[in-house]
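Please open the model in your viewer and keep the selection panel at hand. The tour below goes stop by stop, saying at each one what to select and what is found there.

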Amino acid sequence: MKTIGLIGGMSWESTLSYYQTLNLGVKAELGGLHSAKIVLVSVDFAEIEKLQHLGEWDKTAAILSEAASGLEAANADFFMICTNTMHKVADEVQAKVNIPLLHIADATAELLVKDGIKKVGLLGTQFTMAEPFYKGRLTEKYGIEVLTPSDDDQSIIHRVIYDELCQGVVNAQSRAAYVEIIEKLRDNGADAVILGCTEIALLVKETDTNVPLYDTTAIHADAAVKIALDC
């Protein structure tokens with residue numbers, strides 16, 4: 001079994017989901033008392049969040065690069081950044097280590113392609129929804145058309161992520177607002193919607209809407225289990 005390296009803490013609420021999903025995935029494949037071999041470096045999200053909103057992405061890249069180097073030194077075979085937004089600096093982080101990065105957008109896109117999804121809605125932080133590092137990768141590398149919410153709806157999504165979900169708050173009114181936005185994307189032609197922030201699955205479940213949802217946390221973790229077990 002390969003050792004999975006995790007850069008977590010962004011937020012720890014979703015890193016907890018990663019840890020559980022990875023271990024459940026290994027147990028499902030191997031049975032018995034088997035669990036995932038994991039090395040975790042968890043950063044202080046308050047520091048990261050401040051730098052994000054100041055636009056100082058080079059400093060966030062330095063923090064994550066140091067974390068990735070720690071994973072490599074601890075003999076991780078590959079690593080994951082347990083957040084969608086911080087894949088904005090994925091190339092910079094990958095350049096600092098020799099072990100490969102399992103990119104969350106690639107894992108998600110490969111499943112979308114397998115499922116025949118050609119046009120998809122994207123929810124996430126405003127960084128993820130508005131900037132090209134994520135949606136551009138889906139389009140340029142995989143030929144998937146990406147729809148994003150209106151500016152007002154993006155503000156709602158972003159606020160709920162940082163003010164509620166990253167702090168462990170799950171609010172029924174926020175869930176209703178998210179479902180309304182998801183259904184707007186469906187009405188605009190999306191075949192499915194990516195939950196492109198690792199906290200969103202804490203709020204919105206498949207049972208909340210008839211729009212197909214792609215939970216990036218679960219998809220990312222499932223892809224990691226397959227790599228770790230060569231299955």
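**First stop: an open sheet**

Begin by selecting Gly 8 together with Ser 42, since in this predicted model Gly 8 stands opposite Ser 42 in strand 2. Widen the selection to residues 4-8, which make up strand 1, and follow the 5 bridges that join strand 1 to strand 2, the two running parallel. Adding strand 3 then completes an open sheet of 3 strands, whose order is 2-1-3 and whose pairing is parallel. At the edges lie strand 2 (38-42) and strand 3 (78-81), each of which pairs on one side only. If you look along the sheet, neighbouring strands are turned by 20° against each other on average, with direction ignored.

**Second stop: helices on the sheet**

Select residues 57-73 next: this is helix 3, which packs on the sheet and touches strand 1, strand 2 and strand 3, while its direction makes about 155° with that of strand 1. Then show residues 216-229, helix 10, which also packs on the sheet, touching strand 1 and strand 3, and whose direction makes about 175° with that of strand 3.

Within helix 10, pick out Thr 217. Is Thr 217 buried or exposed? Its relative accessible area is 4%, and because buried means under 20%, Thr 217 counts as buried. Leaving aside residues up to four places away in sequence, Thr 217 touches Ser 17, Tyr 18 and Thr 198.

**Third stop: strand 6 and its partners**

Move to residues 192-195, strand 6, and colour the two faces separately: Ala 192 and Ile 194 on one side, and Val 193 and Leu 195 on the other, are all buried, so both faces are covered. Strand 4 (residues 119-123) is joined to strand 6 by 4 bridges, and the two run parallel; here Leu 122 stands opposite Ile 194. Strand 7 (residues 213-215) is likewise parallel to strand 6, with 3 bridges joining them, and Ile 194 stands opposite Tyr 214 in strand 7.

**Last stop: the cavity**

How many cavities of 30 Å³ or more are there? The count comes to 1, and about 70 Å³ of space lies in the largest cavity. To find it, select Met 10, Thr 83, Thr 85, Thr 125 and Glu 199, which lie nearest its centre among the 14 residues of the lining. Helix 2 (45-54) and helix 8 (151-163) each supply at least two residues of that lining. Coloured by class, the lining shows 7 nonpolar, 6 polar and 1 charged residues.

Note on methods. Residues numbered from 1 in each chain as written. Predicted model: local features only at pLDDT ≥ 70, side-chain atom pairs only at ≥ 80, totals over all residues. Heavy atoms only, no water. Pairing = 2+ DSSP bridges. Axes fitted to C-alpha atoms, helices over the stretch in contact; angles between N-to-C directions. Contact = heavy atoms within 4.5 Å. Buried < 20%, exposed > 50% of the residue type's maximum accessible area, 1.4 Å probe, protein only. 1 Å grid on protein atoms, 1.4 Å probe; cavity = no way out; pocket = protein on both sides within 12 Å on 5 of 7 lines; lining within 4 Å. Points joined across faces, edges and corners; volume = space filled by probe spheres on them. Nonpolar A, V, L, I, M, F, W, Y, C, P; charged D, E, K, R; others polar.
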